[in-house]
Amino acid sequence: MKTLKTILFTMLILAMLLAACQPAAEAPTTEPIEATEPAAPTNPPAVQPTNTAVVAPTAAPTTEPPQTGPATGGTVIVGTPQEPTTLNPILAASSIDDALTSLVFEGLVEIDENGNFVPVLAAALPIAEETDDGGMIVTYQLLPDVKFANGNAFTCADVQYTFDAIMSELSQASTSGYSQIVGIECPDALTVVVTYEEVYAPYLRLFSYILPTGAGDLATLDTWAFNRQPYGAGPWMVESWTAGDNIVFVKNANYHEAGKPYLDSVIVKIIPSREVGMTMIGNGEIHVLWDLTEADFVALDAMSAQGVAYAGAVTGENELLLLNFADPAVDGPADPAAAPHPILYDLAVRQALQMAIDKQLIVDTLLYGNVRVGTTVLPAGTFACPQEPSTYDLAGAIALLEGAGWVDADNDGIREKDGVRLSMTIATTSGNLLREQTEQVLVEMLRQAGIELVIENVPSDTLFASWDENGMRKHGDFDILLYTTGPGPDPDSHLFSNYHSASIPTADNEGSGSNYSRYINADVDAWLDDAYGLTDVDARRELYCNVAAQINQDLPRIYLYERLLLSGYRVELQNFLVSPGAMDFTWGSQNWWLKP
Amino acid sequence: MTQYILRRALQAILTLLVISVLIFGLISSVPGGIMSAYSENPDFTQEDLARLREKYGLNDPVPVRYAKWLLNVLQGDWGNSFTSKRPALQEISDRLPNTLLLMGSMFLVTLAIAIPLGIYSALKQYTFFDHLLTTVALAGQSLPTFWFGLLLIIIFSVLLKTPDGKPLLPSAGMMTLGQPFNLLDRLRHLILPVSMLAVISAASYMRYMRSSMLDVIHKDYVRTARGKGLPEKMVISRHALRNALIPIVTLLGLDLPNLFGGALFTETIFAWPGIGRLFFDSAMKTDYPVLMAVLMVYSFLIVASNLLVDLVYTVLDPRITLD
Amino acid sequence: MAETPLAIAVEQKESLFRRFVYQFLKHGMAVFWSMILLGIIVLVAGAPLFQRYSPTDQDLYNRFQPPSAEHWMGTDDLGRDMWSRTINGGRISLVVGLLAMSIAIGIGTLVGLLSGFFGGWVDAVLMRLTEIFQSVPRLFLLLVLTTFLRQLDLPWLRPGTFWPIAAVIGGLSWMGVARLVRGNTMELRDQEFVLAARMIGVGNLRILLRHILPNVASPIIVTATLGLAGAIITESGLSYLGFGVQLPTPTWGNMLSATQKYLTSAPWMAIFPGMMIFLVVIAINYLGDGLRDALDPYHVEKGEK
C-alpha cells in the first residue's frame, strides 16, 4: 500500500515537472523561416553578400519614417555572456573588449555595417601615395571641432600618441602594419602624414581607435585607472564598473555629432548563460543580447511576438573542415609530399568528401535556412570573390572513391585500399552544440559513401594550443578539424598565414603560421607575394580571386557555411546595427533611441 | 589540546606547500593558456607574441616561475591578474561579499530545512511522508543543476507576473540596474538562486540526517533513556541528536570552503558575480595569479575546516579523543 | 557493500543468511525497486531487442518530434529516436555510474576506516592526503591528464572501454566518504562493544570488518545513492574534456547536457534520460535501505513500534 502511494507520488512529481514546461513549450518546426519570414527565400540567399539586418517582418517597422524624430533619453541594457577584461583598446584581448571599447573610442577609419571602410574621425578616406624608394605615404585630414569627453580638442598629436602607445613596451595590441611606420608628421593640427617603410596594402585597417593624449604614462600602461574608466572621442564614457556584474556608460556631452547620442546611458550586464539571456530579452529585462549563434534562430523567431528581432553581419568567415595533407604520425613536417597523409593526400578523396556532404541540408535544417552554404574563402566585403557552390553528388563521390582504388572488400560498410581503412577522426571544440550537431550529421553523410568519421572532440584550449604547448593543430596531429576562420575586411594577412607555404608551422619557424593543412601551391604563393606589394584594390582583388579559385581546386579546406555575427534586440530599440568589424553591435550606438 | 592544534598547524603549512606546488604545476601544464587568445590572430606578428610572452613572464621555466610566485606571496604580493591587470586579491575581494551573501543564505536555509525534515523523516520511517521526502530529495539530485535553475526562472519570472506585468521575481543579477542599493531589491534577487542551491543541498543533508538519526535511535543508550521513561522529545534532543549530528558536522566541514568558493552553476545561471565564476573565467584564460590566489585560499579553508570539524567532534561526543 | 552480508552469511550459520533474505524480502519498497532496477538492466542490456530504430539513425526533417506512437519518447535535435537512445545510453551510464561509485566508496571507506580507527600518524598521513585531493582542482587535473593520455595513445583508452572513465570519476570523488566514515569510526572505536571485542582478543582487522563497518554503513549507503547520479552526469563532463565517451554514442549524461537550449521547446529531450537516472538512483536508495534494515540486528522489533 505504501509502495503504491510512493509510486503514485513519484508520478505526480514527474507530471508536475512536465506540466510546468508545457505552457511555454512550443515544438520547433523544421522550417520556421518559411513560416515567419515568407519574404526570405533560401536560394538566392537570405543574407545579402555585404549587407546585414536580418529582421523578422513582424517586428521592427524599419520602413516607417519617424514622424517626430528620435526620442531622447532613456537607458539601454545590453546582455553579454562575458565580462570585458579592460576598456583600453591597447590592452584588449577578446571580442567583447573590442566591441565595448568602441563605445568609448572612435578611430580615423572604421568598418560599417556593410563591411566597408568609412571615415569616422577622418574627414574622408585617406589617400595613399607610393614613394620612389618603395615606401608609402598616407595622408589623413581630420574632422574639425572634435573634442574628447574631457573637453580637450582632438588633433594630430593624439594620433601620434596612439601610435606611440601601440608600439610601447607594455602594449598588447598587434603591431602588424604599425611596425612599418617610420614616422608620423603633423603639418597642422588637423593633418596627419604617415610614412611607411614599404607599401602596406591593408593600411585602412590601422588607427581604428584614437587614445587621447594624456591618458597616462606609457611606462605604467598596465595599471592606469584609465583602463577601467576610459574616455575618448566616442559617444559614451564609463561611469561605473561593478566587477563581474555590470558596466554603466553615460553619454559624452562633448560628442562631435550634434544632439547625439540620443540615449542617456547604456548599461552592459554580464549574463553568463545564453539561455537565461534569451529569457531576459523576451521578458523585456534587457534590450540587446550579444553573441548569439546560427543555432539560436529558431528561439529568436519564436520570440518575435514578444518583440525580439535580430541583426546580423556576414563576417567573411566560414565554418569549415580543415583537411590534413600530411601524415599525423609525423611531427610537423614542412612538406607533406615527404610524409603524405595516408588518406587525405589523395585529391580524389578530398573531392569525394566534398561531394558526399550535403551542405544545403545542413544549412536548411541545423541552421534553419538563414545562412548561405560555404563556397569560397572570400565570400564578402571589398575583396569578395564568389565561386560556384559545390554540388552534392553521392553517386559521384562513390565513383571517385572506387576510381581511386577505395573499395569495401570486407563488406563492413567502410572502404579500404592497400590495407588502409577509409576511417578518419574529426575534432572540434567540445561543448559547442552546433558544431557537435554538424559533426554527427557529417558522420552519417560520409557513412553513406563508405567513409568512417570518428568524433574526438577536445576543449578549445587543447585544439588551439601553441607549438610550444604541443598544440595538436600546430603539430599536425589530426585528420580533419572543424572550426571557423576567415579573412577580416582586408584578406591579406589571413590568406598569407593560412594558405602560403611559408606559413606551415614547423620546428624551424617555432610553429608560426596557420597553414595547418600543410598546403603547398607555387602559384598561390606567387599571387600572394605579388598582392602584398600593391595598393591598387582591383589588382589585388584579381590576385586574391586567383587564390580563392585555386584553393577550391586543391581543397585543403571544405567550406560548410558562412558565419554571421548575430545579436538579438528588442524592437523598441531603433537603429540597431551590427558591423562585421571589431566594433560589432556597438557600431552606430550614438544613433540608438528608444521608441516610447 | 593546544599541543594538538599546534601540531596540526604545522602539518597544515606543509600540506599547503605541497598543494601549491601541485596546483602551480597543473596550471602550468594545461594546454592553451593566456597566449592562445593572441596566437590565433594572424595580425599578431612573431615579435608581438614574443613581447607578450616576456610580459607575462612565460619565458622562465616553471620551477623558476613557481619560486618567484612563492617569494612574492610570502611578502604578501599575490600578483596582478593577467587579464584585468588588477591585483588578484582585489578581484577576489570585489566578489567576496556577493559570494558570502549567496552561500551564507544558502547554508542557513539548507540547515533550517534539512535538519528538522531529516529527523522527522527518520522518526516516521516508511510513512507516506517519509517516502514523499525521499522521492523529492532524490529527484532533485537526478536533474542537472542548470535544468532546475532554468525551470525556476521560467516559472517565477516568465509565467508568473506582478499585477503591473513585471516579472514576479527578477530572473538574474544582484540588483535592478540603474537603481541605488536597496535591501528589499537585493533580497528579491536572492530568492531564486538561494532556493535552487538550498533545495539541492538540503536534499542531501536531509538524507544524511535521516540515516544517521535512524542509526542512533536504535542504539543502546537511546533505548536506555527511553526505558527510563524520559519523554520522547527529550530522548531525541538530549541523547540521540548529539550523536546523530556527527555526519552532519563532517558534511558541513566539507562544504564550508564553498562559503568562499561559491557555486559555479548557480552563479552562471543567475548571473551572480561571485568567486565561482571568477575562478571559471580565470581558468578559461589560464590567468594564474588569480587562479592561484583563489585556489590557495580555498585550500586553506579546506585544511582549516577539517581541523575545526575534528574539534567539534570532541564537543559532540567527549569519548572521541584526538591524538 | 556486498561483502558485508556475504561475510556474515558464510561465517555464521545458514539460518542467519536465511533471516537476512527474509528480512530483505519483507521490505516491500526494497523488493519493488529491485524489480524496477532489474527491469531497467534488462532493457538496457538487451537494448537492440527493444528498439525500433537505431540510436544513431538521423532524420533531419523530423527533429524535435514530441512523444508519439511512432517515437515513444519523441525525437532529439537530429531526429533520432529518443527511446532507442535512452535504452542504449543506459549501458555506458549504468556501468560507469555503478563502477565509479563503487571505486569512490571503496577507497573512501578504506581510508576512512583506517584513519578513524588507528588515529595517530596513520590518521595524519591519510587525512593530509585527503586534503590534498580535496584541494587540487579537478578541471585542471583532468585537462592535464587528457593531454598526457592523448600523447601516450594507449589502446585501452579507445572508444568502447569505460573503466578508465569510471576510475577517474571514482578516483576523484572518494574524499567525502572518507571524511564521513572517519568521523563515525572515531565515535565508535572507544565504545563498549568494540572495547569488549578487543578485550577478548579479537584482532584489529576483524573488529574493523565485523564491528565497525556494519555500523558506518548508513552514511556509505547515502553517499552511494547521492553519488550515483553525480557520477552518471559527470561522465558527460569528461567527454567535454576529450576523455570520456564521444558522440554520437548516447549516454544519459551527454543526452542531458545537450538539452539546455531546448528546455522549453523540447522538454522530453531532458525528461526521459533524467527520469532514468532518477529511477536508478531511487532504486539503489531503497535497495540500500533494504540491505541495511536486513543487516540491522535491532530491526526485528521495529514493525511493532
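This passage describes the disulfides, salt bridges, chain C helices and a nonpolar surface patch of a predicted model.

Two disulfides are found over all chains of the structure. When the bonded cysteines of chain A are numbered in sequence order, they pair as 1-2, 3-4. One of the disulfides joins C156(A) to C186(A), with the sulfur atoms 1.9 Å apart. C156(A) belongs to helix 4 (residues 156-167) of chain A and C186(A) to strand 6 (residues 181-188) of chain A, so this pair ties together parts that are 30 residues apart in sequence. The S-S torsion of C156(A) and C186(A) is about -80°, and the disulfide is therefore left-handed. The two cysteines differ in their cover: C156(A) has a relative accessible area of 1% and is buried, whereas C186(A), with 31%, is partly exposed.

The other disulfide is formed by C385(A) and C545(A), and here the sulfur atoms are 1.9 Å apart. A torsion of about 80° about the S-S bond of C385(A) and C545(A) makes this disulfide right-handed. The pair links distant parts of the chain, 160 residues apart: C385(A) is in the loop between helix 8 (359-365) and helix 9 (394-403) of chain A, and C545(A) is in helix 14 (residues 537-554) of chain A. C385(A) is buried, because its relative accessibility is 1% and the term applies under 20%. C545(A), with a relative accessible area of 25%, is partly exposed.

Salt bridges number 37 over all chains when the whole structure is searched. In chain A, the side chains of R563(A) and E319(A) form a salt bridge with an N to O distance of 3.2 Å. This pair also links distant parts of the chain, 244 residues apart, with R563(A) in strand 18 (residues 557-570) of chain A and E319(A) in strand 12 (residues 308-323) of chain A. R563(A) and E319(A) are both buried.

In chain B, a salt bridge brings together the side chains of K68(B) and D60(B), at 2.6 Å from N to O. K68(B) is partly exposed at 46% relative accessibility, and D60(B) is partly exposed at 24%. A further salt bridge in chain B is that of R319(B) with D317(B), in which the closest N and O atoms are 3.5 Å apart. Of these two residues, R319(B) counts as partly exposed, at 32% relative accessibility, while D317(B) is buried, with a relative accessible area of 3%. Elsewhere, salt bridges that share partners connect E83(A), R86(B), E91(B), D94(B) and R95(B) in one network. This network includes residues of chain A and chain B.

Chain C contains 14 helices and zero strands. Its pattern along the sequence is accordingly written α-α-α-α-α-α-α-α-α-α-α-α-α-α. Of the 305 residues of chain C, 57% are counted as buried.

Helix 5 (residues 82-118) of chain C consists of 37 residues. From its first C-alpha to its last, helix 5 of chain C reaches 52 Å, close to the 54 Å expected at 1.5 Å a residue. A kink of about 30° is nevertheless present in helix 5 of chain C, with its centre on G90(C). The helix is mostly covered, as 26 of the 37 residues of helix 5 of chain C are buried. Just after helix 5 of chain C comes G119(C), which adopts a positive phi of about 60°.

A nonpolar patch of about 410 Å² is also found on the surface of chain C, made by L38(C), V42(C), L49(C) and F50(C). Helix 3 (28-45) and helix 4 (47-50) of chain C are the elements that contribute two or more residues to this patch. L49(C) is located in helix 4 of chain C. With a relative accessibility of 73%, L49(C) counts as exposed, because the term applies over 50%.

Methods
Residues are numbered from 1 along each chain as its sequence is written. Chains are lettered from A and ligands numbered from 1 in the order in which they are written. This is a predicted model: local features need pLDDT of at least 70, side-chain atom pairs count only at pLDDT 80 or more; totals for chains, interfaces and linings use all residues. Side-chain values use heavy atoms; hydrogens and water are left out. Patches are made of residues with over 30% relative accessible area and no salt bridge: like charges are joined within 9 Å, nonpolar side chains (Val, Leu, Ile, Met, Phe, Trp, Tyr) within 5 Å. Accessible areas come from the Shrake-Rupley method with a 1.4 Å probe; for residues, only the protein chains shown count as cover. A salt bridge is a side-chain nitrogen of Lys or Arg within 4 Å of a carboxyl oxygen of Asp or Glu. Helices (H or I, at least four residues) and strands (E, at least two) are DSSP runs, numbered from the N terminus. Buried means under 20% relative accessible area, exposed over 50%, partly exposed in between (1.4 Å probe, protein chains only). A disulfide is a pair of cysteine sulfur atoms within 2.5 Å. The expected span of a helix is 1.5 Å times one less than its number of residues. The bend at a residue is the angle between axes fitted to the seven residues ending there and the seven starting there.
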